[in-house]
Amino acid sequence: MAMADQPAGKSFRLSMLLYDTRYRSITIQVIMMLAFIASLVWLLDNMYTNLAKADKDPDFAFLSSSAGYDINQRLIEYSSQSTHARAWLVGLLNTLLVAFLGCILATVLGVSIGVMRLSKNWIVSRLMTVYVEAFRNVPVLLWIVFAMAIFIEEFPQPREFRGEDAAAAMYFWDSLALTNRGWYIPRPVFNDGSMVVVATFILAFIGTIFFGKWAKVRQETTGVILPTGWIKLAIVAVPTLVVFAFFSFTNGSREYSVVTTALAEGAELSTIDKPKVCVVSDTAQSVVLQELLRATGNKVKVAEFDTEAEARTAYQSGECNTIGVAMADLGSVEGVAATTYTHGNAILLEQPYLDGFNFKGGVHLRNSLIALWLALSLYTAAFIAEAVRAGIMAINKGQSEAAAALGLRQKRVMNLVVLPQALRVIIPPLISQYLNITKNSSLALAVGYMDVTGTLGGITLNQTGRALECILLLMITYLAISLTISTVMNLYNNSVKLKER
Amino acid sequence: MKKSVLLGTFAAVGVMAGAASAGTLDDVIANDVLKCGVSTGQAGFAAPDENGRWEGFDVAVCRAVAAAVLGDQDKVQYVPLSSKVRFTALSSGEIDMLSRATTWTLSRDADLGFTFLGVNYYDGQGFMVRKDLGVGSATELDGATICITTGTTTELNLADYFRSNGMSYEPVPIETSAEARGQYLSGACDVYTTDASALAAQRATFENGDEHMVLPEIISKEPLGPLVREGDEPWGDVVRWTLNAMIAAEELGINRGNLEELAKGTNNPEVNRFMGTEGNIGEMLGLEANWAVNVIAAVGNYGEAFEEHIGEETAIGLSRGLNAQWTQGGLMYSPPFR
């Protein structure tokens, strides 16, 4: 029929671009595109002309010059002599860290709160309603500042931990210190054999995935359900623990002696006078030795070296008065051999300790990081909870009733029938919440967290005065992070969405 | 129809762009108000009093320029700026001049596109600590946590100082002096570092100011002064000579008390030129003949402004030191008014 309307062989006329519906939409689109490009060109030209007028041509050379400022939280090597580009990278990693931690905590909290808000328990569901309304109706910046204020005002200062009757105390056998400068937690130190332990753990973990697949096939063919959770736990835990125990035992048989010139022959180690110890940096042996000396109640000074030989030379030249020596080498070093100690477990924990103005050792989680992380997570969790609730409520009640009629228990109805369908509804809004966390993390400067807005868009911008270049790079950075997150999440979304045949 | 609207818009944009590029002096006179960038609140230097009226040593420069150009020291619109946004505000034209304890450095002068117009306070970076910390010198600060205002020269000085002394520190970057105060007083940092004058100003506002002390080391030169955008010489001259007028007035012995009498004419030709009763220096700057009289009537001479806002009689309690007249062994020196 359509063919009959078009006289065959009629030539194309220019007016058809406007009056023929076949071409009109294309014409409009081409015009729109040209207008868009023209306005873009006009804007860019405007920018360049005005910058040239102000004698500020866009120039990115500042990125390779030395930054000159220090950053407190560094996930990679950085000093004030590093370049501005390096500072940008340090900031970027800090942004990614808080965004990653935030996404995980917000998801866990959001899902639990969303499910609990649907609870039949009146008090629980009402409490969750209060939570959601309170958090999503107050600007996130206020939550961040509020969290920081609590950390600064409520937690003790490091110096309150000092002395016999200190006003503050550490938790969990002196391994956790909560101060108003952040939390200090133990740091894992990887000893000899630790790589084998980690490798065993990873292999066992992969093994559980294969086991899960096998159990599923078995269940579908025979109908027998295995307690997969417990078996998976055993598959991971048993070999890892065995390997850990083995290497801890072999390390334990390697003995060292504390050799010192600061102690009289035959005297107790606790009477040691102003110990200064030479150690090889970042080794388990040095951690064990330092903790041994600190346990005597003395203030221990530490000089760190790259190799055993350097530490030995420094000891012999008198730079320090104490050193740890393997039993076999004992004769070759001067000094009193006081106590012996062993090489330590395969993986051991370095505990934080008070030294000078601050705690040292362990991992320092700054309160800027914790405040930002908690505030972002609690705030976004309120939105995720609503998305989860919407997803669950979108599933027809008949679905769960039908499943219950088949004899499935409550938990299985949720896991096998409701959630797989609800995920289709939950994932798309979840993606935008993840993006929100990432973008809201740029409020970090309010609490002095050095994210990419704080380094590239803050101090670098200020010190170099390259506002336009820095902001452009910053925008590109956030765009790249956001696009990556949404691409990954969209892949996941495609895998859970309704499969239509 | 649509076309004409579009063209009209372009035309309007063109007109606006044209207006913005005229001289700042003409803009200020046309708007009858001076837009002056100041700090977000620094006792003694720039802070609103209980009536919401901005007062302080940096504010006095704003007032002086308004008095010189518009004849009324209150025709100023104060724009409080954090140290982070101050330069953007100035280069974008949001403010006409910046009088905000800003250090004159080569890179800011040459690379950022600003013109510094003199120094109204010679300062240096210092450290403040609690007395009970038992620290007597900055060289004992190895491992300390230090609160520092971000986006300032102090950040770079601090990094240099600790590196050259082989010490480590934990920087806590802070945006405003109010936040710094909160963190420092709650003990979230051991040390607060910024310009020594600002430390004195902060300490004056503490409840127990005597529990804190400023360490003897001054680790940098911080000449603070007003600045304007580069490439607008007539406007730069006005601000520069307004500041010089304050300094010269003290040297010439002109103050609020004897101003009226001296304005009637004296035997001293330099005083007469200053007062506008002789010569035409006001005209050269594009101002009224009695501009300098207005300046002194509004804020007093340099010494009067200093004593009123930050001098030894005030809570801030700063002595003149480097900021005395050159005749008194200080660095304050105005080029001649002729």
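Two strands are taken as paired if DSSP finds at least two bridges between them. The structure discussed here is a predicted model, and that criterion is applied below to one strand of chain B before attention turns to chain A.

**Strand 11 of chain B**

Strand 9 (residues 144-149) of chain B runs parallel to strand 11 of chain B, and the two are joined over three bridges, whereas strand 8 (residues 125-130) of chain B pairs with strand 11 in the antiparallel sense over five bridges. The table sets out both pairings, each with a bridge that belongs to it.

| Partner of strand 11 (chain B) | Sense | Bridges | A bridge pair |
|---|---|---|---|
| Strand 8 (residues 125-130) | antiparallel | five bridges | Gly126(B) with Thr194(B) |
| Strand 9 (residues 144-149) | parallel | three bridges | Ile148(B) with Thr193(B) |

Because five of the five residues of strand 11 (residues 191-195) of chain B are buried, this strand is largely enclosed by the rest of the structure; buried here means under 20% relative accessible area.

**Chain A**

The domain assignment divides chain A into domain 1 (16-57), domain 2 (84-180 + 365-496), domain 3 (190-251) and domain 4 (255-343). Taken over C-alpha atoms, the centres of domain 3 of chain A and domain 4 of chain A are separated by 40 Å.

On the surface, a nonpolar patch is formed by Met33(A), Phe36(A), Ile37(A), Leu40(A), Val41(A), Leu44(A) and Tyr48(A), which together have about 680 Å² of accessible area. One of these residues, Tyr48(A), lies in helix 3 (residues 21-53) of chain A, and Tyr48(A) counts as partly exposed because its relative accessibility is 47%.

Notes. Residues numbered from 1 in each chain as written. Chains lettered and ligands numbered in written order. Predicted model: local features only at pLDDT ≥ 70, side-chain atom pairs only at ≥ 80, totals over all residues. Heavy atoms only, no water. Domains from an automatic or database assignment. Patch = residues over 30% accessible without salt bridge, like charges linked within 9 Å, V, L, I, M, F, W, Y side chains within 5 Å. Areas by Shrake-Rupley, 256 points an atom, 1.4 Å probe, with all protein chains shown as cover. Salt bridge = Lys/Arg side-chain N within 4 Å of Asp/Glu carboxyl O. Helix = DSSP H or I, 4+ residues; strand = E, 2+ residues; numbered from the N terminus. Buried < 20%, exposed > 50% of the residue type's maximum accessible area, 1.4 Å probe, protein only.
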